[in-house]
Every structure is written in C-alpha cells, then in structure tokens.
Amino acid sequence: MVTPLEKYDPQIYELIKQENVRQSGSLRLIPSENYVSKAVMLATGSCLTNKYSEGYPGKRYYEGQQVTDLIETVAIERAKKIFKAEHANVQPYSGSIANLAAYNALAEPGDTIMGLRLSSGGHITHGSKGSITSKIFNSENYPVDPESGMLDYDAIETFAVKVKPQIIISGYTAYPRMIDFKRFGEIAEKTGAYHISDIAHIAGLVASGLHPNPVPYADIVSTTTHKTLRGPRGGMLLCKKEHADRVDRAVFPGQQGGPHMHTITAVAVALAEADTIEFIEYAKQIVKNAKRLAEKLMEYGFKLVSDGTDTHLILIDLRNKGVSGKKVAKALDRARIVTNFNTLPDDPASPMNPNGLRLGTSAITTRGMKEEQMDQIALFIHTIVENIDNESVIEKVNREVLLLCSQFPVPDHFILPGEKVVHPLSNAEKRE
Ligand SMILES: *Cc1c(COP(=O)(O)O)cnc(C)c1O
C-alpha cells in the first residue's frame, strides 16, 4: 500500500517506518511511554489539526466552531467523569505547561512553591534550578527519606511550616510508591498553602482506581494524557468549581494561544477508552507486572529504591553493582531494552551520569506481557549487568528480546492499517 506520506515525502516516511520497527522490536521500559490505540492515533492525525479555536466552548474568538465546541465539551465531560472532578481544562499543550498554568492560577511571581527535590524524583517543573518555575517563583524542595526512599510526611509538614509556601506540590516523576494525597491536603490546610497534585505518571492508575485520586484533596490536579493514561501527547487540569475561572484564565489567555484541537479530540477518545473494563484490567496488570519485575530483580541482587513498587515504576540503585546507570542504559539499549538512567535520592554522582536506572511496565503491558515475561525481562537485565562489557552476550540477549517481541506484537488495534511490522530478524529466529 502506497500511503500519501510515502509518495510525497519518502524520506520522512522511511524514518517513521524505522521508528515503528524500533518501537515494535524493543522492550520499551521508559515509564513515561506507551503505545496509543489506533483510534487515538487516527484522531490525532485528523482534520482537527486544521482548526483554530482560541477561547473555550461557547466563548471563542474565531468562527467555525460548530464541531470543535462539541468535541471539547465531550473531552471535558469525560475527564470530569473519570476523575470525579467538578471542572476540567483539556487545553494545556503538555504536562510542563499545565503545571505552569496551575502555579499561575494560584500564585504570584515571587511566591514560594514547594515540590519534591529533582534528585528525589520530583519533576523539573516543580521548581528545579534549570526550570523557569524556579525563576518566576521562589522554590523550596523537600527530599524523600534517604534511608527508606519514601516520603516522610512529618518531615514534609515541618518543612512546610518553616518555609510557608503558597503552593505545595505532590506527585512525582520517579517515585515508585503510593502517595498519601489526603495527608498532603491536611499539610496544605494547616500551613495555609494551596495543594497542587501532579499525577502525570499515574493518571491511568488513578482513572482505574488502582491509586488514590487526589481530586478531593487538591486545589488543582495537573496531568499529562500520554503516560499510563495512554492518550495523545497533551496536558490537562482538574479542579474544584471555585478555581475553575482562575484555571481557565491561566491557560488561555494566561499562557497559550489556540488549543491543539486534534490533540483534544484524541484526548476525548483516550478518556473513553480509559472508562472501560479492559482499561481497568490493563491498569491492574501494569501494577502486577511491576511488582513481579521488582521482586525478580531483587532476587538477582538488585537494590530498588524503597525496596519495591506500588505503581508502574521501578527505580534501581546500581551502586552495589559497581556500574553506572548510563552505562547500563546504553548496554540495555544495544540489547533492545529501552530504559533511562536516573538520579537517586542521595546519589552523589552527577545527573548526567547517575547511579539509578528507571523502569516502567506500561508499554509492555499494552503489548499483553504478563508475569512470566517479567521473569524473562529480569533475567535479561541481570545478564546484561553481569556482562556489561561482553558484546557477544549483549548480542545474544538482543536476539532473545526480539523473539519475545515477535511473540507479543503490538496488538492489531494499536497499529494503523498497512503498518504491520515484520522484522527481518524475527523471521530468521523462527526458522532456527
Ligand atoms: C512527565 C511529567 C511532566 C511533564 O510532562 P510533559 O508532557 O513532558 O511536559 C510533568 N510532571 C510530571 C510529574 C511528569 O512525570
């Protein structure tokens, strides 16, 4: 089948094809990544990309909104239903800018925001040094307890009493454990702060009831739409009615122009998918898979931050293995296992070459992998770490990974027609 892309831009077509082959022929363990459904992909690539819709449904600055008003309203209503929120804004372009809008809704430049330290698993937009959030606002960071790797709520409360923040941020980018949002709400109330909860990673688990929902305990909940939630790349804000106007004004005209209507369309599709039994099954399996992978890794002598996980995410502390996170991530990538190196809570090493490795089970769960495959993957990782400089062992694991990938193809309804990927090597493996 010759697609228009193949005909009009063969160079980019070829590169997309290569990326498709890479995504289907590797174990994608980066916890922020996933495979979206064909329906989400189609909506993202639809004619809604052609439309400008500055404003909100019923209050636009451009004409021709007969359809976009309906679509955005559907997306908003679905978001409110799934997260049991009084108000939703589906326009943020992504998680980072959603956070900035949340801060701007509740604080003035120079006010203090208080989020988790970057090295402890906070997000850059939670006031880390390189982020504009630390230039606009005064940023104070709390750590996790270095011994347990867990949040120490009493210490967080003491710190909040001391720094008197305008905003306390809960929700993280590399924290494997459940978060007590209720406690954060109480700390915020006690210290007169607003509570913003950023569930970018765990939104899919929250939507399916596998992680407590912060909506009742937070002034604003911020999220991406593309991690465990498995939608298009985007952002979203949820809040109580009392903050609705402030949130909407902070997004538009506060910092954005025209919303990306194709993304909002695809967000609506993803939210409908998230409201199904199948999605709950997927979310349950994500956590089962992560727990099993964690358990097996520990059996192989890996030390995990917080000694396990309650979510989709695992953080390995490689210091007892005597090899850096970057070296392991590079070697794993040569074996088709895609991860990211990560800082650890008390890692003295530089963030460019830290001692942590971050894994997540969302994408491989979408492929249908279960506990048995987690055992295999743990063994792959163990083998690579034990043979970090042995290219022939790495090559052997590479072939085994490819075989596993061919046994768990990206499900049909997750691939566009004509894009079914056949691996030259997987055929060779089958002949063996
Ligand atoms: C991924 C992430 C974000 C940022 O999302 P982008 O869409 O990459 O801008 C924000 N907060 C947390 C906690 C994240 O994990």
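**Figure 1. Here is the second largest cavity of this predicted model, with its lining residues in view**. V90, Q91, P92, Y93, R233, G234, H260, T263 and I264 line this second largest cavity. Its volume is about 30 Å³. Sorted by class, the lining has 4 nonpolar, 4 polar and 1 charged residues.

**Figure 2. This close-up moves to the largest cavity and the residues that line it**. How many cavities of 30 Å³ or more does the structure hold? There are 2 cavities of 30 Å³ or more in the structure, and the largest has a volume of about 60 Å³. Lining this largest cavity you will find Y172, T173, Y175, R177 and I179, together with H201, I202, H312 and L313. These lining residues divide into 5 nonpolar, 3 polar and 1 charged. Keep T173 in mind: this residue of the cavity lining is also among those that come nearest to the ligand.

**Figure 3. The ligand is shown here with the residues around it**. Which of the 13 residues around the ligand come nearest? They are S94, S96, T173, D198 and K227. Polar side-chain atoms of three of these residues are worth a look. For S94, such an atom lies 2.4 Å from an oxygen atom of the ligand. For T173, a polar side-chain atom is 2.8 Å from an oxygen atom of the ligand, and for K227 a polar side-chain atom likewise lies 2.8 Å from a ligand oxygen atom. On its own the ligand has 380 Å² of accessible area, and the protein covers 88% of that. Helix α5, which spans residues 95–106, gives the largest share of the shell around the ligand, with 3 residues. By class, the shell residues divide into 2 nonpolar, 9 polar and 2 charged.

**Figure 4. In this view, the second largest pocket appears with the helices that help to line it**. The pocket holds about 370 Å³ of space. Its lining is made by 21 residues, and R230, E278, Y282, T365 and T366 lie nearest the centre of the pocket. Three helices, α3 (38–44), α12 (277–299) and α14 (362–366), each supply at least two residues of the lining. Which helix gives the largest share of this lining? The answer is α12, with 7 residues. The lining of this pocket has 6 nonpolar, 7 polar and 8 charged residues.

**Figure 5. Here we zoom in on the backbone at R230 and P253**. R230, one of the residues nearest the centre of the second largest pocket, lies in the loop between β9 (220–224) and β10 (235–239). The phi angle of R230 is near 65°, a positive value in a residue other than glycine. Turning to P253, is the peptide bond from F252 cis or trans? The F252 to P253 bond is cis, and its omega is near 5°. P253 is found in the loop between α10 (244–251) and α11 (261–274).

**Figure 6. The last close-up shows an open sheet of 4 strands**. Follow the strands in the order β11-β12-β15-β14, with antiparallel pairing. Why is one side of β11 and of β14 left without a neighbour in the sheet? Both β11 (303–304) and β14 (340–342) stand at the edges and have a single partner strand each, so one side of each lacks a neighbour in the sheet. The pairing of β14 with strand β15 (residues 356–360) is antiparallel and runs over 3 bridges. If you would like a residue pair to look for, N342 has G356 in β15 as its bridge partner.

Conventions:
Residues numbered from 1 in each chain as written. Predicted model: local features only at pLDDT ≥ 70, side-chain atom pairs only at ≥ 80, totals over all residues. Heavy atoms only, no water. 1 Å grid on protein atoms, 1.4 Å probe; cavity = no way out; pocket = protein on both sides within 12 Å on 5 of 7 lines; lining within 4 Å. Points joined across faces, edges and corners; volume = space filled by probe spheres on them. Nonpolar A, V, L, I, M, F, W, Y, C, P; charged D, E, K, R; others polar. Near = heavy atom within 4 Å. Polar contact = N/O pair within 3.5 Å; in protein donor to acceptor, adjacent residues only side chain to side chain. Areas by Shrake-Rupley, 256 points an atom, 1.4 Å probe, with all protein chains shown as cover. Pairing = 2+ DSSP bridges.
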